[in-house]
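Work through the following exercises with the structure open beside you, and try each task before you read its solution.

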Amino acid sequence: QHNMEMAAVLATFLVMPTMVIFFIQNYLLTDKARTTIGSQSGGTAKIKMNPLMKGIFTTCSIIGALAIVSAFGVVFWSAFVIIPGVNNTFTLAHFSTRTGWSALVTSLKIASSAALLVAFMAVVQAYLNIRLKVPGSKLMEYIALFGMGVPGTVIGIGYILTFNQQPIKLTGTMFIIIMAIMCQYLGVSLEAGISKLHQIGPSMEEASWDMGASKAMTFVRVVLPLMGSSFLY
C-alpha cells in the first residue's frame, strides 16, 4: 500500500513477541536448571528404541524429508517447462532471459559480500566478547541476536526508514540490502564464533603475548586460523 508509517506500526507488533521471549529466556530461565557432569569420561551405551516409537519417528522424518525435496524439485522442474502444471513441454527458453541472468549475478554479488562481511564481524565480536571482555559485550551480543528473532520485514522497513534521506541515503543501493542481510544473519555467525572460542584454550594466545606479539597480531596470526571453521560456517 506504500504506507511506511502503517508498516512501521505492524513491524512494532512483530517485534513485541521477540522482546518478551528474550526477556523470559535471559532473566527468568537463566541458571534455573543445573546439571552436574562427572569428570570421568566413558563410552556411551546404545539404547534400543521401542519399535513402535522408532517407526513413528522414522515415518515423520521421511515425510519431512520428502516435503523438502519436493519443494526444491518443483522449483527445478519449473525451470525446464513452459508453464508448470499447465504446459509441461520441455524448454530452455527460461535460461535465455538476460534479466534473469543479471538478477542471478546481482544476487551472488550481494550474498558473497554479505557473507564475507558478516563472517569477519562475527569473529571479531566473538573475540571481543569472550576473550577481551569489553564493556557492553552482553548488549552487543543481544543486538546481534536480535536480527535472528525479528522478521525480515521488520529489518527491511527499519533500514528503509532510517536510510531514506540525507546525510546517509542508502535506499535504492545494493549496500542497504547487504546491511539488512548482515543484520539478520550476524547472530548465527556470532554464536558459531563464541562456541568455537570456548573450545580453544587461552594458553595459545598467552604464549603469543609472552613472545612479544600484540593483541592485534595474536588475533590475526593465532586466533583467526584456529577459528577458520567458524568463519566458514
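**Exercise 1: a residue in helix α3**

At 5% relative accessibility, Asn-129 counts as buried, where buried means under 20% relative accessible area, exposed means over 50%, and partly exposed lies in between (1.4 Å probe, protein chains only). The model is a predicted one, in which local features need pLDDT of at least 70 and side-chain atom pairs count only at pLDDT 80 or more, while totals for chains, interfaces and linings use all residues. Residues are numbered from 1 along each chain as its sequence is written, and side-chain values use heavy atoms, with hydrogens and water left out.

Task: find the element that holds Asn-129, and list its contacts beyond four places in sequence.

Solution. Begin with the element: Asn-129 lies in helix α3, helices (H or I, at least four residues) and strands (E, at least two) being DSSP runs numbered from the N terminus. Next, take contact to mean heavy atoms within 4.5 Å. Leaving aside neighbours within four places in sequence, Asn-129 is in contact with Ser-137, Met-140 and Glu-141.

**Exercise 2: the overall layout**

Task: state how many helices and strands the protein has, and what pattern they follow along the sequence.

Solution. Counting the elements gives 9 helices and 4 strands. Reading along the sequence then gives the pattern α-α-β-β-α-α-α-β-β-α-α-α-α. As a further step, consider burial: of the 233 residues in the protein, 22% are buried.

**Exercise 3: Thr-18 and Thr-218**

Task: decide whether Thr-18 is buried or exposed, do the same for Thr-218, and describe the surroundings of each residue.

Solution. Start with Thr-18, which is placed in helix α1 (residues 4-28) and counts as buried because its relative accessibility is 14%. Not counting residues up to four places away in sequence, Thr-18 touches Phe-146, Gly-149 and Val-150. The C-alpha atoms of Thr-18 and Gly-149 are separated by 5.9 Å, although the two residues are 131 residues apart along the chain.

Turn now to Thr-218, which has its place in helix α8 and is buried, with a relative accessible area of 0%. Its contacts, leaving aside neighbours within four places in sequence, include Glu-205, Trp-209 and Ser-208. The side chains of Thr-218 and Ser-208 are also joined by a polar contact of 2.9 Å, that is, a pair of N or O atoms within 3.5 Å, of which, within protein, one must be able to donate a hydrogen and the other to accept it, and for which residues adjacent in sequence count only if both atoms are side-chain atoms.

**Exercise 4: the largest nonpolar core**

Task: identify the residues with the most contacts inside the largest nonpolar core, and the element that gives the most to this core.

Solution. A nonpolar core is a set of buried Ala, Val, Leu, Ile, Met, Phe, Trp, Tyr and Cys residues joined through side-chain atoms within 4.5 Å. The largest one has 19 residues, and those with the most contacts inside it are Leu-190, Leu-197, Val-223 and Met-227. The elements that give two or more residues to this core are α3, α6 (174-199) and α8 (215-226), and α3 gives the most, with 8 residues. Then follow one member outward: leaving aside neighbours within four places in sequence, Met-227 is in contact with Val-123, Gly-193, Lys-196, Leu-197 and Ile-200. Another core lies apart from the largest one and has 13 residues, among them Ala-7, Leu-170, Met-179 and Ala-180.
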